Amino acid sequence: MASDLQMSPQLEQIHGEIRDNFRALANGFQRLDKIKDSNRQSKQLEELTGRMRECKRLIKEMDREIKDVEAQNAPEVNKRLNDEKQSMIKELNSYVALRKTYMNSLGNKRVELFDMGAGVSEPTADDNVQMASKLITAGTKTMDETDQAIERSKMVVEQTLQVGTQTATTLKGQTDQMGRIVNELDTIQFSIKKASQLVKEIGRQVATDKCIMAFLFLIVCGVIAIIVVKIVNPNNKDIKDIPGLAPPAPARRLLSLESLETF
């Protein structure tokens, strides 16, 4: 049946290892019948028990591989693979029951793998088969639940990493924006300082120009006042003539008449 099954390389390797262990178990139990010494029989049973433990582990691994490739195979292929797995479980349980028989014949009541333990009445081979099947089913279910929990944990970790990456990117963008704002504020502050200095300089220049204009205005007003007084009262000796200004016209005429009379 197994020769024409479609198996992945990993599944085919596991299947072959289980079959090799089954052949070793069959040969081991055949040799056990020929051993007469009880100590050698106990040692042989321990070796066979190790083989059965290895078969149990390989069957669990085979079950995981079948579930991993279940979506890729046709329903008929999956059914045949599961049937092959159940056949192997039954064969393993038959070896477990056979081991139990030899253990009872040797008077060994120790609690070991697949055993219910010694009690008031010894369990039958069918009970051992059912118990082993239940143990394998429960173990497989527990491993499936553990795998699902691991997958959920991986998803949570991936989501957390994505959120962390997005947060870091957002914070970096905000930091760059704040840096640009600070640079712009520094530029504005520098411009305000320069404008303030320029306004002060202009204010000082305007104040100086106003003082000069006020002084010139006072000089002009003084000159005009002197001219007006001189015109109004030309005989006032307290007011000197302004250099560059000629005396009033009547005075010039008076000087001309006096000079004529003298001659």
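Ile181 is partly exposed, its relative accessible area being 36%. The residue belongs to helix H4, which covers residues 125–232. Together with Met178, Leu185, Ile188 and Ile192, Ile181 makes up a nonpolar patch on the surface. The accessible area of these residues together is about 490 Å². The model described here is a predicted one.

**Overall architecture**

The protein has five helices and zero strands. Read from the N terminus, the order of elements is α-α-α-α-α. Of its 263 residues, 22% count as buried. The accessible surface amounts to about 19,000 Å², and carbon and sulfur atoms account for 59% of that area. Among contacts with a separation of 6 or more, 64% are between residues 24 or more positions apart.

**Helix H1 and its packing**

Helix H1 runs over residues 9–34 and has 26 residues. At 1.5 Å a residue a span of 38 Å is expected, and the end C-alpha atoms are 38 Å apart, so the expected and modelled values agree. The buried residues of H1 are Leu11, Ile14, His15, Ile18, Asn21, Phe22, Leu25, Gly28, Phe29 and Leu32. An α-helix has 3.6 residues a turn, so residues three or four places apart point the same way. The buried residues of H1 pack against helix H2 (38–68) and helix H3 (75–106).

Glu12, also in helix H1, is exposed, with a relative accessible area of 51%. The C-alpha atom of Glu12 is 9.1 Å from that of Met62, although the two residues are 50 residues apart along the chain.

Gln44 lies in helix H2 and counts as buried, at 10% relative accessibility. A polar atom of the Gln44 side chain is placed 3.5 Å from the backbone oxygen of Gly28; Gly28 is itself one of the buried residues of H1. With neighbours within four places in sequence left aside, the contacts of Gln44 are Gly28, Arg31, Leu32 and Ile35. Leu32, like Gly28, is listed among the buried residues of H1.

**Salt bridges**

The structure contains nine salt bridges. Three of them are set out below, with the distance between N and O atoms.

| Pair | N to O distance |
|---|---|
| Arg19 and Glu91 | 2.8 Å |
| Glu61 and Arg57 | 3.2 Å |
| Asp176 and Lys172 | 3.4 Å |

What do the helices of Arg19 and Glu91 say about the parts that this pair ties together? Arg19 is in helix H1 and Glu91 in helix H3, so their salt bridge ties together parts 72 residues apart in sequence. Both partners are partly exposed: the relative accessible area is 22% for Arg19, and the relative accessibility of Glu91 is 23%.

The bridge between Glu61 and Arg57 lies within helix H2, where the residues are four apart and therefore separated by about one helical turn. Glu61 is buried, with a relative accessible area of 19%; the limit for this class is under 20%. Arg57 is partly exposed, with a value of 41%.

In helix H4, Asp176 and Lys172 are likewise four residues apart, about one turn of the helix. Asp176 is partly exposed, with a relative accessible area of 36%. Lys172 counts as exposed, at 53% relative accessibility. Elsewhere, salt bridges with shared partners join Arg19, Glu84 and Glu91 into one network.

**Features by helix**

Helix H1 holds Arg19, whose salt-bridge partner Glu91 is in helix H3. The buried residues of H1 pack against H3 as well as H2. Helix H2 contains Gln44, and also the pair Glu61 and Arg57. Helix H4 carries Ile181, as well as the salt-bridge residues Asp176 and Lys172.

Technical notes:
Residues numbered from 1 in each chain as written. Predicted model: local features only at pLDDT ≥ 70, side-chain atom pairs only at ≥ 80, totals over all residues. Heavy atoms only, no water. Helix = DSSP H or I, 4+ residues; strand = E, 2+ residues; numbered from the N terminus. Expected span 1.5 Å × (residues − 1). Buried < 20%, exposed > 50% of the residue type's maximum accessible area, 1.4 Å probe, protein only. Contact = heavy atoms within 4.5 Å. Patch = residues over 30% accessible without salt bridge, like charges linked within 9 Å, V, L, I, M, F, W, Y side chains within 5 Å. Areas by Shrake-Rupley, 256 points an atom, 1.4 Å probe, with all protein chains shown as cover. Salt bridge = Lys/Arg side-chain N within 4 Å of Asp/Glu carboxyl O. Polar contact = N/O pair within 3.5 Å; in protein donor to acceptor, adjacent residues only side chain to side chain.
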